[in-house]
Amino acid sequence: MHRMKKLLDLYQQWKGAEPANVQQIPGGGSNRTYYRLTDNNGQTVIGVIGTSRDEDHAFIYLTEHFSKCQLPVPKILAKSDDLLRYLQTDLGSTSLFDAIRGGREAGGRYTLKEQELLKRTIRELPDIQIRGARDLDFSNCYPQAEFDVDSVLFDLNYFKYCFLKATELDFHELKLEADFRLFAKDLTTETSDSFLYRDFQARNVMIDHDGNPFFIDYQGGRKGPYYYDLASFLWQASARYPHKLRRELVYEYYNSLKNYIEVPPARHFVNRLSLFVLFRTLQVLGAYGFRGYFEQKKHFIESIPPAIQNLRELLASSTTFHYPYLMDLLRQLTELPQFQQIEATPSRADGYKTTEINPYKTHPQDGPATFSKYDAQGPLVVRVFSFSYTKGIPEDENGNGGGYVFDCRSTHNPGRYEPYKQLTGLDEPVIRFLEDDGEILTFLDSVYKLADAHVRRYIQRGFTSLMFCFGCTGGQHRSVYSAQHLAEHIHEKFGIEVRIIHREQNITQTLPAEK
């Protein structure tokens, strides 16, 4: 109660009044306690009560430094003299972890929207790692200023004592220690002036209303190699990112990194990254071993199988690791009977990208164009239908006959499988089925290119109506998915009014024009 009163006193000093409402909110893995403090106008801030002055000092120093660099982090609004209490801006309640929950729970079948959130986030990471490190005084970092050999050996031994020994696998400690020392030397051989976030994971990224990522909980950061955070994020065991998506995210990061530093050649980058993936995997298994085997926490025990699967895939890759005894021991580890009933990696979910197409421009030598009675009436309204071919193609109410009818029946039909028979193309399980299969994405890629060019030209001409129709057998799965996604694509790209009519489902929706 005494600590809480001090936090409320800090709020009153800053705001000039007591908060109208105080609500405790879930915290992270530290001992800090978080509260959402609301004033009489409904404006909120986050109040934090800490237990470690050094840890709080690190967070406050880093946050104030990153804020000066205009990085996407919360702002410190007020802080107590002993730094054990502070107020920061409220970034909302939606973390990236929450926003991509569906893909995680579907075993790694991430929708296109979820994939785009991941890409946005990974493109922002070099900003805080490189730009955030400029003029940063790393002596303020906690508990240490730099990633070094000692910290690597500490984590490798944590893996040995808390996980490896718990499996009762026989091994030669001196041979293993020799490989550990060589591994630690390789991990620290390249000097780096970047900021190592240390705990870069989906739970520590908040998503605002526009889908923009904001970073939190970097108080354990230090000077170190940027590969670590990338490995930590993309090889997080529970996320189960498909191989293709993970490769795309590495590509997004690599290209974003080019905006800040001269990047190493791609082959060197991938080889260095693989070293950190191996290190991070062993580090995570050490933590899971301690929390799971020793503290008997169910969540961590359940996290071990996917982490072992990550290790198995890494050992099966073409990467060559020069630690023969360690590699042989890890292969034996993945072959232990208790780790054999591990679910295979989910099918790969293919993503796709639209292509910008320049609209046709007339040549001056052609002279002035003639116009139809439909020209310059505007604004354009697009209607997108889904329908069943057995009930006929939707009629054009406007009488100009403009538009397209696309047949979706050449693509894989989820309606043939019992789990999807009562669902539609708006339901997550169907969306994941179609995107994981990939045929509908190839189909829509061509549709998008055609639609983009047509909509752009109709806007230029000032036409008022355009119609797209998607038909399939029952007007329930493929056509509904295609119509909904084209409608949202057109609305997002052009900002015009789009009306969606899922005829057989009796569902209509209007996406209003942006003002």
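**A helix pair and a five-stranded sheet**

Helices α6 and α7 make a right-handed crossing in this predicted model. The two helices span residues 149–164 (α6) and 173–187 (α7), and their axes come within 9 Å of each other, crossing at roughly 140 degrees. On the α6 side, the contact is made by V149, V152, L153, L156, N157, F159, K160, Y161 and L164. Facing them from α7 are E173, L176, E177, F180, R181, F183, A184 and L187. Sorted by class, that contact comes out as twelve nonpolar residues, four charged ones and one polar one.

Further along the chain there is a sheet to look at. It is open, has five strands, and runs in the order β11-β12-β10-β13-β14 with mixed pairing. The edges are taken by β11 (403–407) and β14 (507–511), each of which pairs on one side only. Going from strand to neighbouring strand, the average turn is 10 degrees, with direction ignored.

A helix also sits against this sheet: α14, covering residues 439–461, packs on it and touches β10 (381–388), β11 and β12 (465–472). The direction of α14 makes about 165 degrees with that of β12.

As for the β14 edge, its partner is β13 (residues 497–502); the two strands run antiparallel and are joined by five bridges. Within this pair, I501 stands opposite T508 of β14.

Conventions:
Residues are numbered from 1 along each chain as its sequence is written. This is a predicted model: local features need pLDDT of at least 70, side-chain atom pairs count only at pLDDT 80 or more; totals for chains, interfaces and linings use all residues. Side-chain values use heavy atoms; hydrogens and water are left out. Two strands pair if DSSP finds at least two bridges between them. Helices (H or I, at least four residues) and strands (E, at least two) are DSSP runs, numbered from the N terminus. Axes are lines fitted to C-alpha atoms, for helices over the stretch in contact, and angles run from 0 to 180 degrees between N-to-C directions. Contact means heavy atoms within 4.5 Å. A crossing is left-handed if the near helix is turned anticlockwise from the far one by less than a right angle, and right-handed if clockwise. Ala, Val, Leu, Ile, Met, Phe, Trp, Tyr, Cys and Pro count as nonpolar, Asp, Glu, Lys and Arg as charged, and the others, Gly among them, as polar.
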